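Biologist: Could you take me through this structure step by step, as one would for a first-year student?
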Amino acid sequence: MRKGKVSFLWDVGSGVGRVEYPDLTIDDSYWYRIEASRTGRNGTISVRALDGPKASIVPSTYHSASPPGYTILDVDANAMLFVGGLTGKLKKADAVRVITFTGCMGETYFDSKPIGLWNFREKEGDCKGCTVSPQVEDSEGTIQFDGEGYALVSRPIRWYPNISTVMFKFRTFSSSALLMYLATRDLKDFMSVELTDGHIKVSYDLGSGMASVVSIQNHNDGKWKSFTLSRIQKQANISIVDIDTNQEENIATSSPGNNFGLDLKADDKIYFGGLPTLRNLRPEVNLKKYSGCLKDIEISRTPYNILSSPDYVGVTKGCSLENVYTVSFPKPGFVELSPVPIDVGTEINLSFSTKNESGIILLGSGGTPAPPRRKRRQTGQAYYAIFLNKGRLEVHLSTGTRTMRKIVIKPEPSLLHDGREHSVHVERTRG
């Protein structure tokens, strides 16, 4: 902290990365929560007020990158973690200008593991207890589905067949999943809310034909969204609001036929996040279970606390959606991502560990080759690949218009399928 502003600094071997949080000054005796993270060369910082006049401000996240070259923070079991200041015996990095802190600290975590500030190895100066820090707002009513479960609730006592109101807030990275489903026992009347390719899809049938509508925008970006469905007889209006930006999307639909009511009986059930194995089911319904968070659930103005319902599986309190940086393949499989061209200047950084001597680590393919300066016969598909071949690392690059270029790394003394973690840095330079 300098002049009340919080900065995050790091150096992984090729120069200092620095990102400051410009929106708040924290030297006003109120409590603040600071979150800083680093992945490779990329660092982010976010600061939010926990009390005081700025507590209602939604925090932003600021990004920066350290100079190219290295990506790994090399620390071992002998590394020391200092909180609140530095000892004068230590040679500090030149970029660190401030080595003391006066104030209170609490609720400290490093890589999601709590750091007990009283469980120190040694200390200098006058350190003593302080008031307990306020907690981040209570997650009461906020729940997280693990992608393998569902929750069942009863129909609201107040149920008006000609009018439906469904409200909830959701936050997810899932592209396809069932959010809510209800149906009569004979399946003539039903309603569902689901994600399809990241879009919200609402479907319902009042007994004389199905209505269905899909949002234009994607809503699976990991931010909180507010969903509201309001149906009066055959006509339904749906609103999806991004809570951070207040950006709203409105869609509407109307069911065909002469029926006006959704005739759910008192003992009919409503499902959130997925379905158990049901014999009777509308064939249109998405069976993929939801991975993400829900809160503030209301149906017909009746609020629901899912964790108080009699039947739920794979649901926990709170919401901790994080970007996934590690994937494992206990059996053959793959993760497919959006394409990334490997133009001149592109860097790829990744780590891997395996005991299999051969296998694909990364493959980018399917791109259309750039037109050559001179007319040249295309020799094959453009692709790039990083893979293990008998314990050696190979990197291939083909533009589709010339001979494939190959690099083979033959490690000494042991091969790379030793179960240890290895880091790969690939950079495409001119030629």
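Biologist: Which residue in E2 is the bridge partner of Val6?

Modeller: This is a predicted model, in which local features need pLDDT of at least 70 and side-chain atom pairs count only at pLDDT 80 or more, while totals for chains, interfaces and linings use all residues. Residues are numbered from 1 along each chain as its sequence is written, and side-chain values use heavy atoms, with hydrogens and water left out. E1 (residues 6–11) and E2 (residues 16–21) pair in the antiparallel sense over six bridges, where strands (E, at least two residues) are DSSP runs numbered from the N terminus and pairing requires that DSSP finds at least two bridges between two strands. In E2, the bridge partner of Val6 is Tyr21.

Biologist: Which side chains of E1 point to one face and are buried?

Modeller: In a regular strand the side chains alternate between the two faces of the sheet. Buried means under 20% relative accessible area, exposed over 50%, and partly exposed in between (1.4 Å probe, protein chains only). In E1, Ser7, Leu9 and Asp11 point to one face and are not buried, whereas the side chains that point to the other face and are buried are Val6, Phe8 and Trp10.

Biologist: How many residues apart in sequence are the parts that Lys169 and Asp296 tie together?

Modeller: The side chains of Lys169 and Asp296 meet in a salt bridge at 3.0 Å, N to O, the term meaning a side-chain nitrogen of Lys or Arg within 4 Å of a carboxyl oxygen of Asp or Glu. Because Lys169 lies in strand E9 and Asp296 in strand E18, the parts tied together are apart in sequence by 127 residues.

Conventions: Helix = DSSP H or I, 4+ residues; strand = E, 2+ residues; numbered from the N terminus.
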